[in-house]
Amino acid sequence: MKGRFRALVAHSQPEALGELAELLGTTGLTVETARSTVEARTKLRGQPAHVIVAFHNSGSFDGVGLLEASILHAP
């Protein structure tokens, strides 16, 4: 079943990003990661995600804006 559903984890801190990706990977999701909202939006344009986990807000990292923008790329 792995690969049927895709998750995108977006977080500015590599340690947190790795932990979240590992946790979601154990559920059978295909997990992609992004360290910035720009990188995350680029990945969403390429292929929409079924699950998005985004860091809320820290300076230039706008997780809420990312979730709002993801609607534009939803199937």
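Does Arg-6 count as buried or exposed, and at what relative accessibility? In this predicted model, Arg-6 counts as buried, at 5% relative accessibility. The residue belongs to strand β1. The side chain of Arg-6 forms a polar contact of 3.1 Å with the side chain of Glu-32. With residues up to four places away in sequence left out, Arg-6 touches Leu-29, Thr-30, Glu-32, Lys-43, Gln-47, Pro-48, Ala-49, His-50 and Val-51.

The protein chain contains three helices and five strands. Along the sequence, these elements follow the pattern β-α-β-α-β-β-β-α. Of the 75 residues in the protein chain, 29% are buried. The area exposed by the protein chain is about 4700 Å², and carbon and sulfur atoms supply 56% of this area. Among contacts in the protein chain with a separation of 6 or more, 60% are accounted for by residues 24 or more positions apart.

Strand β1, which spans residues 6–10, is mostly covered, with five of its five residues buried. The cover extends to both faces of β1. On one side, Arg-6, Leu-8 and Ala-10 are buried, and on the other side Ala-7 and Val-9 are buried. Strand β1 pairs with strand β2 (residues 30–34) in the parallel sense, over five bridges. Within this pairing, Leu-8 stands opposite Glu-32 in β2. The connection from β1 to β2 runs through helix α1 (residues 14–25), and this β-α-β crossover is right-handed. Glu-32 is thus a point of reference twice: as the residue opposite Leu-8, and as the partner of Arg-6 in the side-chain polar contact.

A second pairing of β1 involves strand β3 (residues 51–54), again in the parallel sense. Four bridges join β1 and β3. In this pairing, Val-9 stands opposite Val-53 in β3. Val-51, which lies in the residue range of β3, is one of the residues touched by Arg-6.

The loop between β1 and α1 includes His-11. With a relative accessible area of 7%, His-11 is buried. The side chain of His-11 reaches the backbone nitrogen of Gln-13 at a distance of 3.0 Å. Further along, Gly-25 has its place in helix α1. Gly-25 is partly exposed, with a relative accessible area of 25%, which is above the 20% under which a residue counts as buried. The C-alpha atoms of Gly-25 and Ala-7 are 8.8 Å apart in space, while the two residues are 18 residues apart in sequence.

Helix α2 comprises residues 37–46, and Thr-37, Ala-40 and Leu-44 in this helix are buried. These three residues lie on the same side of α2, because they cover an arc of only 60° around the axis. An α-helix has 3.6 residues a turn, so residues three or four places apart point the same way. On the other side of α2, the exposed residues include Val-38, Arg-45 and Gly-46. Lys-43, which falls within the residue range of α2, is among the residues in contact with Arg-6.

Key:
Residues are numbered from 1 along each chain as its sequence is written. This is a predicted model: local features need pLDDT of at least 70, side-chain atom pairs count only at pLDDT 80 or more; totals for chains, interfaces and linings use all residues. Side-chain values use heavy atoms; hydrogens and water are left out. Buried means under 20% relative accessible area, exposed over 50%, partly exposed in between (1.4 Å probe, protein chains only). Helices (H or I, at least four residues) and strands (E, at least two) are DSSP runs, numbered from the N terminus. The arc is that of the directions from the helix axis to the C-beta atoms. Contact means heavy atoms within 4.5 Å. Accessible areas come from the Shrake-Rupley method with a 1.4 Å probe; for residues, only the protein chains shown count as cover. Two strands pair if DSSP finds at least two bridges between them. A crossover is right-handed if, with the strands pointing away from the viewer, the path from the first strand over the helix to the second runs clockwise. A polar contact is a pair of N or O atoms within 3.5 Å; within protein, one must be able to donate a hydrogen and the other to accept it, and residues adjacent in sequence count only if both atoms are side-chain atoms.
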